Amino acid sequence: MRDDLRGIIALTALTFHEARQRKVLLLAFLLGLLFLGLFAWGTRATARQADDLPLAIARMQLNFLTLAGLYVVNFLVAVTAVALPVDTLSGDMASGIIHTLLTKPLHRAAIVIGKWLGFLALLTLYFSFMAGGVLGATWLLAGYVPPGVSAAFPLMWLGAVVLLTMTIAGGTRLSTLANGVVIFGLYGIAFIGGWMERIGTALGNATARNLGIVSSLLVPTEVMWQYAATFMQPALLRQAGLTPFSAASTPSPLMVVWAIGCIAVNLALAMWWFARRDL
């Protein structure tokens with residue numbers, strides 16, 4: 001047990017160090033900086049216009065702009081959550097590197113946990129950089145902070161962790177390319193399903209609404225964003241549904257439990273599949 005714990009800590013640090021040197025992480029941060037620069041420019045222009053508007057309308061505009069920025073952040077973080085670990089196990093098995101780790105006195109489950117923790121730390125760092133950048137830009141340039149960010153940001157982060165864990169689990173059974181295709185496909189289904197649920201609820205179409213709910217249960221990423229967005233909107237905007245980020249119905253708090261359960265199940269599957277993989 002003590003050897004496994006030491007191994008997990010060492011693998012976490014090693015995974016964090018190796019992932020920092022990957023071009024995909026550098027590109028993610030460069031694209032993030034480019035987006036934050038454009039967002040700051042747009043925020044400054046909007047803040048100047050808002051000076052001539054009534055306070056309530058100005059704050060509604062700034063809220064819409066902030067949520068639009070965080071919506072992009074949510075997408076970029078989701079892509080990074082898949083791209084970072086997509087070859088961490090499948091690539092190591094294909095190259096033979098995994099045999100070096102297996103010669104150590106480590107259980108295979110410890111290898112999975114160590115890699116998951118390393119990528120989790122990197123993903124948390126990237127999310128903090130991106131979400132904090134958007135929030136900092138609106139505060140510094142417009143003096144505005146949306147309500148409920150302390151509850152919303154953990155929900156956005158949780159949705160990204162779901163994708164990260166699913167990707168690591170997929171890497172124990174699938175090749176790198178197949179794993180990426182499957183996880184991005186599932187993310188796309190959740191994305192479209194979230195909009196189907198909104199449209200179905202608004203139009204009274206039970207079939208579309210139910211399909212959206214099923215997709216949210218399959219991959220609870222989009223529903224985490226919807227839940228986060230409800231916290232960050234003023235009550236008037238949320239109830240009137242005046243923006244694309246207003247959910248037709250507020251997601252249940254039980255979806256948070258479901259998302260945590262999905263992470264636990266996928267991590268357990270990753271350990272189980274990897275332990276039984278013929279290497």
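A polar contact is a pair of N or O atoms within 3.5 Å. The exercises below use this cut-off on a predicted model.

**Exercise 1. Find which backbone atom the side chain of Thr230 reaches, and state whether Thr230 is buried or exposed.**

Solution.
1. Locate the residue: Thr230 belongs to helix H10.
2. Follow its side chain, which reaches the backbone oxygen of Tyr227 at 2.5 Å.
3. Compare with the cut-off: a distance of 2.5 Å fits the limit of within 3.5 Å for a polar contact.
4. Check accessibility. Buried means under 20% relative accessible area. Thr230 has 7%, so Thr230 is buried.

**Exercise 2. Determine how many of the residues of helix H10 are buried, and name them.**

Solution.
1. Set the range: helix H10 covers residues 222–231, which makes 10 residues.
2. List the buried ones: Glu222, Val223, Met224, Trp225, Gln226, Tyr227, Ala228, Ala229 and Thr230.
3. Conclude: because nine of the 10 residues are buried, H10 is largely enclosed by the rest of the structure.
4. For the chain as a whole, 46% of the 279 residues count as buried.

**Exercise 3. Place Asn63 in the structure and identify the partner of its side chain.**

Solution.
1. Asn63 is found in helix H3, residues 55–83.
2. Its relative accessibility is 1%, so Asn63 counts as buried.
3. The side chain of Asn63 has a polar contact with the side chain of Tyr144, at 2.9 Å.

**Exercise 4. Describe how helices H7 and H12 are arranged and which residues join them.**

Solution.
1. Take the two elements: H7 spans residues 149–171 and H12 spans residues 254–275.
2. Their axes come within 8 Å and cross at roughly 20 degrees.
3. Apply the cut-off: angles under 35 degrees count as roughly parallel. H7 and H12 are therefore roughly parallel to each other.
4. Give the handedness: the crossing of H7 and H12 is left-handed.
5. List the residues. From H7 come Leu155, Leu158, Val161, Val162, Thr165, Met166, Ile168 and Ala169; they meet Val256, Ala259, Ile260, Ile263, Asn266, Leu267, Ala270 and Trp273 of H12.
6. Sort by class: the contact of H7 with H12 holds 14 nonpolar residues, two polar ones and no charged ones.

**Exercise 5. Summarise the chain by its elements and its contacts.**

Solution.
1. Count the elements: the chain has 12 helices and zero strands.
2. Write the order along the sequence: α-α-α-α-α-α-α-α-α-α-α-α.
3. Consider contacts with a separation of 6 or more: 83% of these are between residues 24 or more positions apart.

Definitions and conventions
Residues numbered from 1 in each chain as written. Predicted model: local features only at pLDDT ≥ 70, side-chain atom pairs only at ≥ 80, totals over all residues. Heavy atoms only, no water. Axes fitted to C-alpha atoms, helices over the stretch in contact; angles between N-to-C directions. Helix = DSSP H or I, 4+ residues; strand = E, 2+ residues; numbered from the N terminus. Parallel < 35°, antiparallel > 145°, perpendicular 65-115°, else oblique. Left-handed = near helix turned anticlockwise from the far one by under 90°. Contact = heavy atoms within 4.5 Å. Nonpolar A, V, L, I, M, F, W, Y, C, P; charged D, E, K, R; others polar. Buried < 20%, exposed > 50% of the residue type's maximum accessible area, 1.4 Å probe, protein only. Polar contact = N/O pair within 3.5 Å; in protein donor to acceptor, adjacent residues only side chain to side chain.
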